[in-house]
Amino acid sequence: MLRRGGSFRNKKSGEVYAEVNNYSDYDDTSRTDINLMGEQYLENNFWIDYQIGKTYIKDENDDNTANLETKKLGLRYTSRKWNSLIAVNLFGLDSNDKTGLYVDTSFNPSDREIINFIYSSEPVYNANVINNYDGGLFSDNYSLRYNYIFNNRESSYIELRKSDFDDDNKRYGWEVGHQYIINNEYDNDDNRSLTRTFTWSRDRYSNQDVVYNSPKLSEFIGADWRWGQELSTNESLYKIFGIGWSRDYPEELVLSPYIGIEYNKTIDSNQYINAGIVYGLHTESWLGEGSWEYDNKQIYVSYYHMW
């Protein structure tokens, strides 16, 4: 899934970020997230972190829909080497409300290294699960990522992750990634940039006899390229092309290319807007043989304001 843009991090005393994101795929399932997130500085490097949002899930195959409200309140600490958040999520399910702990902490051993750990307790985002399990089905999720910055153009990471579900299902996985800025807007006179990203991930699930997606093995390997063009001093446009191979065992790897476009506009030094669309296809083999069919679509728009 595309990671959306925005690079304002020199916060003054607070910030707010609003987003709408819709994702759908060939299984006739769709998910729409509407979120409002923010931070407000307190004192002594502490921040209040908050979020309110709503998720709409639809499974057209089973003619099933579900809505999930989320509220989060937490405390963040920042310093030169640490950025740590501990928060409580309140999930508004149809039957009742449930809480889940959220922890996100990053440590910088050096200027080139970042170690990030995330723990979350949250429901499985599946319409059948939310409607059929009283209070939803929750999972405890853990991820540990090590990121190394080689220079101002190149970085790489490795991530280990696991999930423990309430129904005793378990997930174990890993992911590696590499990013290289082939050229940026300062390398030439036409204000163009090109960034290449590579990703390889594998996740294994212990139980396949469940109503949500839980393959014995889920795998993805691929790369994408983002061509950037400054349209003006405060506007930029990115063209995205990606090519990947994916599968859910026992299926074989299939070729899954995608294209996208993203628009960014800086309103002033404290505000920006961002919008984009990504459209993917899949084939019948890893060589791209057979028919080319719709795979997935993502549409997103966001607004950021800092004060």
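Start by selecting Asn44: with a relative accessible area of 57%, Asn44 is exposed, because anything over 50% counts that way. Keep in mind as you click around that this is a predicted model. Asn44 sits in the loop between β2 (29–41) and β3. Check its backbone too: phi of Asn44 is near 55°, a positive value in a residue that isn't glycine.

Now step along to Asn45. Is Asn45 buried, exposed or partly exposed? Its relative accessible area is 34%, so Asn45 is partly exposed. Asn45 belongs to the loop between β2 and β3, and here again phi is positive in a residue other than glycine, near 70° for Asn45.

**Into the strands**

From that loop, carry on into strand β3, residues 46–59, and colour it. Then colour strand β4, residues 64–78, in another shade. The two run antiparallel, and 14 bridges join them. For a landmark on this pairing, pick Gln51 and look across: Lys72 in β4 stands opposite Gln51.

Follow β3 to the turn that leads into β4. This hairpin has four residues between the strands, and one of the things to look for is Asp63, which takes a positive phi near 50°.

What does β4 pair with next? Select strand β5, residues 82–92: β4 and β5 pair in the antiparallel sense over 10 bridges. This is a hairpin as well, with three residues between β4 and β5. A handy pair to label here is Thr78 and Asn83, since Asn83 in β5 stands opposite Thr78.

**A buried asparagine**

Jump ahead to strand β8, residues 138–149, and find Asn147 inside it. After the two loop asparagines, here's one to compare for yourself. Is Asn147 buried or exposed? At 16% relative accessibility, Asn147 counts as buried, because the cut-off is under 20%. Show what surrounds it: leaving aside residues up to four places away in sequence, Asn147 touches Arg112, Glu113 and Ile114, along with Ser155, Ser156 and Tyr157.

**A cis bond**

Next, head for Pro250, in the loop between β13 (235–248) and β14 (254–255). Zoom in on the bond to Tyr249. The peptide bond joining Tyr249 and Pro250 is cis, with omega at about 15°.

**Zoom out**

Finally, clear your selections and view the whole chain as a cartoon. How many helices and strands are there? The chain comes to one helix and 17 strands. Its radius of gyration is 20 Å, close to the 19 Å the globule rule gives for 307 residues, so the chain is as compact as a globular protein of that length. Along the principal axes, the C-alpha atoms fill a box of roughly 55 × 55 × 35 Å.

If your viewer can colour by accessibility, try that now: 41% of the chain's 307 residues count as buried. Switch to a surface and you're looking at about 16,900 Å² exposed by the chain, with carbon and sulfur atoms supplying 53% of it.

A contact map is worth opening as well. Among contacts between residues at least 6 apart in sequence, 48% join residues at least 24 apart.

Last stop: colour by charge. The chain has 31 positive and 48 negative charges, and the mean positions of the two sets are 6 Å apart.

Notes: Residues numbered from 1 in each chain as written. Predicted model: local features only at pLDDT ≥ 70, side-chain atom pairs only at ≥ 80, totals over all residues. Heavy atoms only, no water. Buried < 20%, exposed > 50% of the residue type's maximum accessible area, 1.4 Å probe, protein only. Contact = heavy atoms within 4.5 Å. Rg over C-alpha atoms; globule rule 2.2 N^0.38 Å. Areas by Shrake-Rupley, 256 points an atom, 1.4 Å probe, with all protein chains shown as cover. Lys, Arg positive; Asp, Glu negative; His and termini not counted. Charge placed at Lys NZ, Arg CZ, Asp CG, Glu CD. Pairing = 2+ DSSP bridges.
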